[in-house]
Amino acid sequence: MTTRLLGNSGLKVSAVGLGCMGFTQSYPPYPDKKETIRIIRKAVELGYTFFDTAEVYSMYKNEELVGEALEPYRDQVVLATKFGYDLEHVQMDSNNRPVNLSSRPETIRKAIEGSLKRLRTDHIDLYYQHRVDPQVPIEDVAGMLGILIKEGKVLHWGLSEASAATIRRAHQVCCVTAVQSEYSMWYRKPEEELLPVLEELGIGFVPFSPLGKGVLTGAFNKDTQFDHSDFRSSIPRFNPQNLLQNLTLVESICELAEQKETTPARIAIAWLLAQKPWIVPIPGTKKIARLIENAGAVDITFTSDELTDISNHLDHIRIVGERYPEEQEMLTEK
Ligand SMILES: NC(=O)c1ccc[n+]([C@@H]2O[C@H](COP(=O)([O-])OP(=O)(O)OC[C@H]3O[C@@H](n4cnc5c(N)ncnc54)[C@H](OP(=O)(O)O)[C@@H]3O)[C@@H](O)[C@H]2O)c1
């Protein structure tokens, strides 16, 4: 697998990373522990060196699995995890997802100690604030991250779903290496304000849900029904009526894949890679065949004419429905 640098930081990662959330939450069914460890280790063998988790995923369980899987390879991989909730006093929304943000310095201190233990390491390579806490000035958060960096417990830090203005303020106090927010062929809002600011400040970008939570791969059709335990069953974009309309985009991606003799998943990932050399998508999968397929996106290239055509085409496709249920959307910064 080829590598990329996240912004000006010097942090080198595989051009496609592995999002590990789905091993334990959001998209059932989940593999057992042995199988999860086997798949994550296979990813290392395939050249993935960038792994994404968070303390909040399945309330610590995801970090524990990732930590165990990667312990023998710790020196070869870049571990990214996230803080930002008060999980000791956790409050859930109607979809059983934590909503009580906390980025108070004392919460961050507890979070890092827990993550280091679960990830079986003495440092986190990239530590993101999962959501901006409106109760804590971002300067205080950046200051705390500066302390953790001085202590050697964190090598780089970043933010997730933060506004361009917050990123600027944070970067002034303690240099931000990467921002992780949603970006894909069906959610292009970061193009408006976020990407120009990241380019200006030399900050890398890690698009999450690069496959549109699976839809862009062509895996779903108008009859697809999501089980109640599947997070997509609560997402407006996936309700049957909206999904039907949103499949127009997927048809276009499938056509493009046919023209370029590749797969829709590879098109979706390669399109993100083609936007900027400092973009590193982190598709999530629990299947080895898909790990291989997704990594292969690095070999798909587009001419600038093709990119312009795709962009014009995407501009004319209307995607309907919000990308998150309301209680979760409210936690993202506009
Ligand atoms: N910062 C944040 O707030 C935030 C939010 C969401 C996610 N994330 C991170 O971003 C990562 C990726 O996002 P995501 O998991 O939400 O969405 P995603 O990567 O867009 O899509 C994951 C879904 O696509 C399926 N899939 C993957 N590769 C495929 C392929 N080649 N063909 C067909 N289906 C395929 C997966 O199924 P299988 O697993 O069955 O293959 C899974 O259902 C997460 O794992 C997490 O680490 C961060």
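The following exchange concerns strand S8 and the ligand site in a predicted model.

Reader: Why is strand S8 called largely enclosed by the rest of the structure?

Author: Buried means under 20% relative accessible area. In strand S8 (residues 178–182), 5 of the 5 residues are buried, so the strand is largely enclosed.

Reader: What makes S7 and S8 a pair?

Author: Two strands pair if there are at least two bridges between them. S7 (residues 154–160) and S8 have 3 bridges and run parallel, so they pair. Leu159 stands opposite Val179 in S8. The chain passes from S7 through helix H5 (residues 164–173) to S8 in a right-handed β-α-β crossover.

Reader: How do you know that S8 also pairs with S9?

Author: By the cut-off of at least two bridges, the 5 bridges between S8 and S9 (residues 204–208) suffice, and these strands run parallel. Glu182 has Phe208 in S9 as its bridge partner. With helix H6 (residues 194–201) between them, S8 and S9 form a right-handed β-α-β unit.

Reader: What makes the approach of Gln180 to the ligand a polar contact?

Author: A polar contact is a pair of N or O atoms within 3.5 Å. A polar side-chain atom of Gln180 lies 2.9 Å from a nitrogen atom of the ligand, so the pair qualifies. The protein buries 95% of the 900 Å² that the ligand exposes when taken alone.

Reader: Which backbone atoms meet that cut-off with a ligand oxygen atom?

Author: A backbone N or O atom of Gly19 lies 3.3 Å from an oxygen atom of the ligand, and a polar backbone atom of Met21 is 3.2 Å from one. With a limit of 3.5 Å, both pairs therefore count.

Conventions
Residues are numbered from 1 along each chain as its sequence is written. This is a predicted model: local features need pLDDT of at least 70, side-chain atom pairs count only at pLDDT 80 or more; totals for chains, interfaces and linings use all residues. Side-chain values use heavy atoms; hydrogens and water are left out. Buried means under 20% relative accessible area, exposed over 50%, partly exposed in between (1.4 Å probe, protein chains only). Helices (H or I, at least four residues) and strands (E, at least two) are DSSP runs, numbered from the N terminus. A crossover is right-handed if, with the strands pointing away from the viewer, the path from the first strand over the helix to the second runs clockwise. A polar contact is a pair of N or O atoms within 3.5 Å; within protein, one must be able to donate a hydrogen and the other to accept it, and residues adjacent in sequence count only if both atoms are side-chain atoms. Accessible areas come from the Shrake-Rupley method with a 1.4 Å probe; for residues, only the protein chains shown count as cover.
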